[in-house]
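Dear colleague,

I am passing on a structure that I would like you to look through at your own pace. Below it you will find my notes on what turned up, written so that you can follow them with the model open beside you.

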Amino acid sequence: EGKIIPRTAREQFAAGKPIAKPDMEPGDLVFFRNTGRSGISHVGMYIGDNQFLHAAGRKKGVRVDDINGKYYVAHWAGARRF
């Protein structure tokens, strides 16, 4: 059964159920703040083993990154489950 979630990262962050980092499961959404604009500004999908899938930008494209990378730790906002 599909779920309807809000369109923007900010709306998704506000609507989802908060999940602690150690409790994340594949499919949970991960959020970052102040990544080019203030507040919740970027979202990705956790895929397990401390990895997440996200659109890194026009030049970098869609990619998998380590959630514990220096940049992502500095901008971490939290995880949500729908």
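**The hairpin, the cores and a buried aspartate**

In the hairpin formed by β4 and β5, where six residues lie between the strands, G57 adopts a positive phi near 135°. Please keep in mind throughout that this is a predicted model. The two strands, β4 at residues 51-55 and β5 at residues 62-66, pair in the antiparallel sense over five bridges, and within this pairing L53 has V64 in β5 as its bridge partner.

Turning to the interior, the largest nonpolar core is made up of nine residues, namely I19, M24, V30, F32, Y46, F52, I67, Y72 and A79. Apart from this core lies another one, of six residues, including A9, L29, I40 and A77. In soluble globular proteins, nonpolar side chains tend to be buried together. If you select I67, you will find that its contacts beyond four places in sequence include M24, F32, F52 and W76, and also K21 and N50.

Is D28, which sits in the loop between β1 (17-19) and β2 (29-33), buried or exposed? With a relative accessibility of 3%, D28 counts as buried, because the cut-off for that word is under 20%. A polar atom of the D28 side chain lies 2.8 Å from the backbone nitrogen of E25, and the side chains of D28 and R81 are joined by a polar contact of 2.7 Å. Among the residues that D28 touches beyond four places in sequence are I19, Y46 and R80.

With best wishes

Methods. Residues numbered from 1 in each chain as written. Predicted model: local features only at pLDDT ≥ 70, side-chain atom pairs only at ≥ 80, totals over all residues. Heavy atoms only, no water. Pairing = 2+ DSSP bridges. Helix = DSSP H or I, 4+ residues; strand = E, 2+ residues; numbered from the N terminus. Core = buried A, V, L, I, M, F, W, Y, C linked by side-chain atoms within 4.5 Å. Buried < 20%, exposed > 50% of the residue type's maximum accessible area, 1.4 Å probe, protein only. Contact = heavy atoms within 4.5 Å. Polar contact = N/O pair within 3.5 Å; in protein donor to acceptor, adjacent residues only side chain to side chain.
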